[in-house]
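Thanks for coming. I will go through one structure today, so please have the view open.

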2 protein chains.
Amino acid sequence: MNAPASSRDKILDVAEALFARRGYAGVGLREVADAAGLGKSSLFHHFRGKTELYCEVQTRVLERFRDRLESVLAEPHSPMRRLERAIEEMIDGLAEQPTTARLLLRSLFEDDNFEGKDLPEFEHTDKVLAGIIGRVGAFLEEGIAEGVFRPVSVGDTVQSLIGSIVYHFASADVGEGIVGGPLFSAESVARRRREVVELFRHGLAARPGPA
Amino acid sequence: MNAPASSRDKILDVAEALFARRGYAGVGLREVADAAGLGKSSLFHHFRGKTELYCEVQTRVLERFRDRLESVLAEPHSPMRRLERAIEEMIDGLAEQPTTARLLLRSLFEDDNFEGKDLPEFEHTDKVLAGIIGRVGAFLEEGIAEGVFRPVSVGDTVQSLIGSIVYHFASADVGEGIVGGPLFSAESVARRRREVVELFRHGLAARPGPA
DNA sequence: GTCTATAGTGAGATAGAC
DNA sequence: GTCTATCTCACTATAGAC
């Protein structure tokens, strides 16, 4: 990984690691500052407050994820081949940076921390997330229209993909107990790729395909 | 749905709702006490502290879930039929009590809140969770041994089932955006049952089965 | 079994020197 | 751009009256 270019990037890096582990409410700015090698007050020179810091961490992660995903969905392959490529690319992306899956999962179900607040900061973040979801949905629609995928509920299939791909790499200790070994080792990631690809290849195919 | 029988149960009920929404670190005991109609200090008469309260909430939820799951896995049907029944039963259980999925998901990836502590309180909770996971794994092994399911990785399949079933009902606002409507309405739950059952029926079948 | 009062700690945030 | 000092507030938890 690249060394952070500025104090700002250093703060974002250590905050990403901490928020991934313990969530928004579970992390104090004191801890972020210590890990970044700064005083607590210095954080407020770079970010207006804790929510803005969290928002920027989330946006960075979402944009990273989106860029990888869009590049493979744009490839000139059949829908089934692109589905496989997309699953593999998403899994590889999550496997390379262990913080990503946990932050993504938190962005998907931890909105309630910010219920009472106005938060225009999150508009862009939400737009990026909505873009990713819309892109995957449109891809599935294509595949159904071409008769490659069964006429599934697109929304539910997106949910199952998120569950199978993102949750897995966010599950940490419990996940390691379930699969009986590390989640991020090369073998474990390769096995996960095979298993998820096969589940959805068989699960979505309009007709029983070749093994 | 039953009215709480005691102050203790009332506290557990309101704490369950709050922890489900905002997690361990995001909830203060002041808020729990207010929602239960008690003074803050009264909580300490019923629970030794915040972690014990959280632990008991989690244990209640896990045991509820385990009991429903074990009853259907014990039914005298074929593995494929029992898989369908188990998926439907788990989905129905999560749909009936909207707090359950979020707490389960938190128990799966929020251990890091308690890293520094000793916590003998969580031994029983962890055992219940391990029992559930082991039970599902053993069931999948059976189905593979009988040649009904493909020779999948059992651990990865458990992870995909959790992702498809638990994550979905924990995804709240974002999930509603993805499926384009409420998650807990009767139609939405029925559709989710069909979709997940079909995904795993096709996805796990050893040979292309009947539609 | 519930209350008031309070201890003790740490949170997020601000002011202003350097 | 980083610091020290400080403000205000909320937190978990305890002590002890009723």
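I will take the chain pair, then the two DNA strands.

Some housekeeping. This is a predicted model, where local features need pLDDT of at least 70, side-chain atom pairs count only at pLDDT 80 or more, and totals for chains, interfaces and linings use all residues. Residues are numbered from 1 along each chain as its sequence is written, chains are lettered from A and ligands numbered from 1 in the order in which they are written, and side-chain values use heavy atoms, with hydrogens and water left out.

How are the two copies related? Chain B can be laid on chain A by a turn of 180 degrees and a shift of 0.0 Å along the axis, with an RMSD of 0.1 Å; the superposition is by least squares on the C-alpha atoms of residues with pLDDT of at least 70 in both. The two copies are thus related as by a two-fold rotation axis. The same surface serves both copies, as 100% of the contact residues of chain B recur in chain A.

Now the interface itself. 48 residues of chain B are in contact with 48 residues of chain A, contact meaning heavy atoms within 4.5 Å. The two chains bury about 4200 Å² between them, with 57% of that on carbon and sulfur atoms. Buried area here is the accessible area, taken with a 1.4 Å probe, that two parts lose on being put together, summed over both.

The rule finds six salt bridges across the interface of chain B and chain A, a salt bridge being a side-chain nitrogen of Lys or Arg within 4 Å of a carboxyl oxygen of Asp or Glu. R106(B) forms a salt bridge with E110(A), and their closest N and O atoms are 3.8 Å apart. On the side of chain B that touches chain A, the elements giving two or more residues are α1 (7-26), α6 (98-109), α7 (122-145), α8 (154-170), α9 (172-179) and α10 (186-204). Helices are DSSP runs of H or I, at least four residues, numbered from the N terminus. The largest share, twelve residues, comes from α8(B). By class, that side of chain B has 18 nonpolar, 15 polar and 15 charged residues.

Next, DNA strand D. Which residues are closest to it? They are S7(A), G39(A), S41(A), H46(A) and L29(B), out of 16 that surround the strand; near means a heavy atom within 4 Å. Sugar and phosphate account for 50% of the atoms of strand D that come within 4 Å of the protein. Phosphate oxygens of strand D lie 2.6 Å from an N or O atom in the side chain of S7(A), 2.4 Å from a backbone N or O atom of G39(A), and 2.7 Å from an N or O atom in the side chain of H46(A). Both chains take part: α3 (43-46) of chain A and α2 (29-36) of chain B each supply at least two residues of the surface near strand D.

Finally, DNA strand C. It too is surrounded by 16 residues, the closest being L29(A), S7(B), G39(B), S41(B) and H46(B). A polar backbone atom of L29(A) is 2.7 Å from a phosphate oxygen of strand C, and a polar side-chain atom of K40(A) lies 3.3 Å from a base nitrogen of that strand. Here α2 (29-36) of chain A and α3 (43-46) of chain B each supply at least two residues of the surface.

Conventions:
A polar contact is a pair of N or O atoms within 3.5 Å; within protein, one must be able to donate a hydrogen and the other to accept it, and residues adjacent in sequence count only if both atoms are side-chain atoms. Ala, Val, Leu, Ile, Met, Phe, Trp, Tyr, Cys and Pro count as nonpolar, Asp, Glu, Lys and Arg as charged, and the others, Gly among them, as polar.
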